[in-house]
Amino acid sequence: MANALDEVSGPVNEEGRDINVISKQIPVKVGVGSTIFEVILWVLGIIPGLVFLIMKIKAGEYFRKLEQRIQHDASQIDNYIEQRVVILQNTAKIMEKAIELDKETLTQIAAYRGGRNADAERNETAQKVDNMYAQFNMALENYPELKAHDEIKDAMRQNSYLQKEITAAREIYNDTVNTWNRDIQIWPTKMIVAAKQGYTTRIPFSTSKEMKQKAREVIF
């Protein structure tokens with residue numbers, strides 16, 4: 001019998017295949033079978049019904065705690081983004097004294113200063129901050145003498161550090177979101193509770209089309 005998957009003879013997609021995060025929240029739903037299951041437990045006696053009721057109460061508490069954990073992890077990302085915006089704002093003031101920096105860039109930085117972002121806006125905000133940093137780099141390429149400025153060098157080092165912290169915070173956030181998305185599908189207790197509460201899956205962090213394209217470019 002031949003191999004079901006043969007890496008020698010193919011078929012092979014020579015152009016490769018890109019993957020993307022699906023930006024869609026899927027509501028948790030249970031069928032009539034779950035209702036019948038709960039009724040049967042009460043029919044079997046008070047004890048089975050009460051036991052399952054207690055399990056549902058605990059599941060509800062678990063989900064509320066997990067929601068708070070997700071909020072905490074998301075807040076960490078916001079905190080790092082805010083610190084990065086502060087650094088870019090300070091760097092912009094230094095550069096503005098030496099060169100004519102794009103006024104729109106300064107306006108955008110001010111708009112993100114100290115802001116808190118909803119889950120749906122967090123990725124977009126982080127990507128815009130990345131774009132602003134790219135504009136700074138372009139300005140420094142045009143004015144290489146600014147690279148020797150001690151305050152600018154220090155700001156760039158801090159920016160590099162915060163980029164790594166944001167990446168690490170996103171990993172933690174994605175892990176917690178994955179826990180949520182997995183647990184709301186566990187039948188019977190958690191799934192029934194999730195459906196009754198109207199919970200949906202959550203969307204993990206995803207990078208922009210522009211950042212993916214940059215990753216494919218030749219850097220060196």
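## A walk around a seven-helix model

Start by selecting G198: this residue follows helix α6 and has a positive phi, near 75°. Helices here are DSSP runs (H or I, at least four residues), and strands would be runs of E of at least two, with numbering from the N terminus.

Before you move on, note that this is a predicted model, where local features need pLDDT of at least 70 and side-chain atom pairs count only at pLDDT 80 or more, while totals for chains, interfaces and linings use all residues. Residues are numbered from 1 along each chain as its sequence is written, and side-chain values use heavy atoms, with hydrogens and water left out.

**Zoom out**

Show the whole chain as a cartoon. You should find seven helices and zero strands. Of the 220 residues, 34% count as buried; buried means under 20% relative accessible area, exposed means over 50%, and partly exposed is in between (1.4 Å probe, protein chains only).

**Into the core**

Now select F63, I81, Y173, W180, I184 and A194. These have the most contacts inside the largest nonpolar core, which has 28 residues. Such a core is a set of buried Ala, Val, Leu, Ile, Met, Phe, Trp, Tyr and Cys residues joined through side-chain atoms within 4.5 Å. Helices α2 (46-98), α4 (119-142), α5 (150-183) and α6 (189-197) each supply at least two of its residues, and α2 gives the most, with eleven. In soluble globular proteins, nonpolar side chains tend to be buried together.

Stay with A194. Which residues does A194 contact, leaving aside neighbours within four places in sequence? They are V28, F63, I184 and Y199, where contact means heavy atoms within 4.5 Å. A194 is also one of the buried residues of α6, along with T189, M191, I192 and V193.

**Where distant parts of the chain meet**

Next, pick T201, in the loop between α6 and α7 (209-216). T201 is buried, with a relative accessible area of 12%. Its side chain reaches the backbone nitrogen of I26 at 2.8 Å. Beyond residues up to four places away in sequence, T201 touches K24, Q25, I26, W180, N181, I184 and Q185.

Add P27, in the segment before α1 (32-44). P27 and T201 are 174 residues apart in sequence, and 6.5 Å apart in space, C-alpha to C-alpha. P27 is partly exposed, at 43% relative accessible area, and contacts Y199 and T200, leaving aside neighbours within four places in sequence.

**Charged pairs**

Side chains of opposite charge can pair when their charged atoms come close. A salt bridge here is a side-chain nitrogen of Lys or Arg within 4 Å of a carboxyl oxygen of Asp or Glu, and the count comes to six.

- Select K56 and E38: their side chains meet in a salt bridge (2.6 Å, N to O). K56 lies in α2 and E38 in α1, so the pair ties together parts that are 18 residues apart in sequence. Both K56 and E38 are buried.
- Select D154 and R157: the closest N and O atoms of this salt bridge are 3.7 Å apart. They sit three residues apart in α5, separated by about one helical turn. D154 is partly exposed at 33%, whereas R157 is exposed at 53%.
- Select D183 and K190: this salt bridge is 3.8 Å, N to O. D183 counts as buried at 3% relative accessibility, while K190 is partly exposed at 22%. Elsewhere, salt bridges that share partners join E38, K56 and K196 into one network.

Key:
Polar contact = N/O pair within 3.5 Å; in protein donor to acceptor, adjacent residues only side chain to side chain.
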